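User: I am new to this structure and should like to be guided through it by questions and answers.

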Amino acid sequence: MAVLVWVVEGTWPACVDAAKAYPNADITLLHVSGHDVPHAAHGAFAGLLGRRGLDPGTTLESLASTSGSDLLASAASRLGRPCTRLERSGRVEREVVAAAEGAELLVVARDGDHGRPGPKSLGPASRYVVDHAPCPVLLVWAGESGHGGWG
Amino acid sequence: MLSGWLAEGVSVVLLVLVLVCAVVRPRGLPEAVVAVPAAAVAVLTGAIGLPHAWDEVVRLAPVVWFLAAVLVLAQLCADEGLFRACGAWLGRWAAGRPQRLLAGVFGLASVITAVLSLDATVVLLTPVVFATAARAGVRPKAPVYACTHLSNTASTLLPVSNLTNLLAFTASGLSFTRFAGLMAGPWVVAVLAEYLVFRRFFAHELAGSAEPRHEEAPEMPVFALATVVATLAGFVVTSAVGVDPAWAATAGAAVLAVRALARRRTTVRKVVASVSLPFLAFVLALGIIVKAVVDNGLGAALARVIPDGNGLVALLAVAALAAVLANLINNLPAVLVLLPLVAATGPGGVLAVLLGVNIGPNLTYAGSLATLLWRRIVHQHDHDVDLGEFTRLGLLTVPASLVAAVVALWGSLLLIGG
């Protein structure tokens, strides 16, 4: 069974723990760095008409790829068994849907706070993924905030 | 000597040419390469008389000097590790909690923008904030968007916070401390309004907490921090005794430069590079061309639509007009165009223009529609950017912060007096 785990900052440990319930599965850990974040920095720099020097957006692009692989390394070590690591960049929700092609299960963490009724538990990106995923989706809550067992 | 509509036509063509080249950056050439010859053409064709052009250079020279000093000060602070140390402190304080990190970024970016100018926040602080979010295990979008927004919204407090303020500072006839006093209220409420919108807009990303990675914290560069604080005090003192506060900025930059040179942490070449001479030449040339455009007819045309007086409605209208103009072209030419028109109405109008041109650019992704359109046309890689979310955020924050700030300005003017 091919299981794809979408690793997102903050909520990923719950997804990795959920994937542990499938001991015989081929697990792929996926992290996507959104283009939007470095592009916002590119835009801000472009708005500084006439300034020279290093575009902070370029710095952010290289930082993003490092932090993405660090995150996948932490997730792999929490999983504790062989898995495939996949780091992508682009429009987050589209990259996740594209990567889920061929998977038999996609593990996604809900956003927001379990303990508090209020904002919807799916942000725009995870909403899109749930709506368009080509395979079954397992939605998990990212543990109760502030408790142990993270990282 | 050209006259009437012909002179205005020549000036407008030159301005458009300079702005287009500044945005497109053909072959990566400095903007001054086009702007300085364009200013020379404006003088040679008589679109602007030599004495008027010279007056403009004399008026802008202290502004440009002040700006250069602050750019050097910020770069030397970065070299000393001030921003990295701030990032480490921010990470410890946030302790893996996205809400705390966002609040910390709002505080830090607001102060850095106000004291070391928006350039420092965009170029030097944003990468540090991204790295801090990554170390804290927090999604980077809200903190990075906060940096880009605050580099505009929080650039209203001091004359040094934004080049637009420096340009207006002399025209406003205000002292450094009076400027800061009148803008303190608008600055606080604009940042608060922005924060409230961010908390709601990114609510789904801000819940929960993560386990931050533990790393060696760099030492706070106390000397650099003390120099910045002393420079701030210097602004107040110089302004009180009637000396140009640019001297305080120059002294601060000189102290850090001498120390870094003595310790061989920088070179004279690097210090000169951070002065960014082509950029300063660009500002002077742009000033001359805009003066030609304004004097040859635009001024008279706009004077009819500029509301007069310090009433709340007039201030709101002036700020809205400034915000629209900043979004159409760029806030630098926008402020140069509007300043001569509102300077006569007193400090209230000038400060309302500044609120508009400083907060307004958050509405568009690259600070202005012109910049955005050109970048999209010229740079293929910008096509896959989702502008929807950024624009929705701007549509929520800009009206909220701008209206709140103008109301606060109106209150300050009543309380402190223009």
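User: What percentage of the 151 residues of chain A count as buried?

Analyst: This is a predicted model, in which local features need pLDDT of at least 70 and side-chain atom pairs count only at pLDDT 80 or more, while totals for chains, interfaces and linings use all residues. Residues are numbered from 1 along each chain as its sequence is written, with chains lettered from A and ligands numbered from 1 in the order in which they are written. A residue is buried if 20 or more other C-beta atoms, placed from the backbone, lie within 10 Å of its own. For chain A the share is 46%.

User: How many residues has the largest nonpolar core?

Analyst: Such a core is a set of buried Ala, Val, Leu, Ile, Met, Phe, Trp, Tyr and Cys residues joined through C-beta atoms within 7 Å. Among the residues with the most contacts inside the largest one are B:A322 and B:V353. Its size is 169 residues.

User: Why are α14(B) and α16(B) described as oblique rather than parallel?

Analyst: The axes, lines fitted to C-alpha atoms over the stretch in contact, belong to helices α14 (residues 312–328) and α16 (residues 347–359) of chain B, and they come within 7 Å and cross at roughly 40°. Angles under 35 degrees count as roughly parallel, over 145 as roughly antiparallel and 65 to 115 as roughly perpendicular, the rest being oblique. The crossing angle therefore makes α14(B) and α16(B) oblique.

User: Which residues of B:A322's surroundings, beyond four places in sequence, are in contact with B:A322?

Analyst: Two residues are in contact if their C-beta atoms lie within 7 Å. B:A322 is one of the α14(B) residues that make the contact with α16(B). Its partners are B:A334, B:L338, B:V353, B:G356, B:V357 and B:G360.

Note on methods:
A residue is buried if 20 or more other C-beta atoms lie within 10 Å of its own, exposed if 12 or fewer, and partly exposed in between; C-beta atoms are placed from the backbone. Axes are lines fitted to C-alpha atoms, for helices over the stretch in contact, and angles run from 0 to 180 degrees between N-to-C directions. Helices (H or I, at least four residues) and strands (E, at least two) are DSSP runs, numbered from the N terminus.
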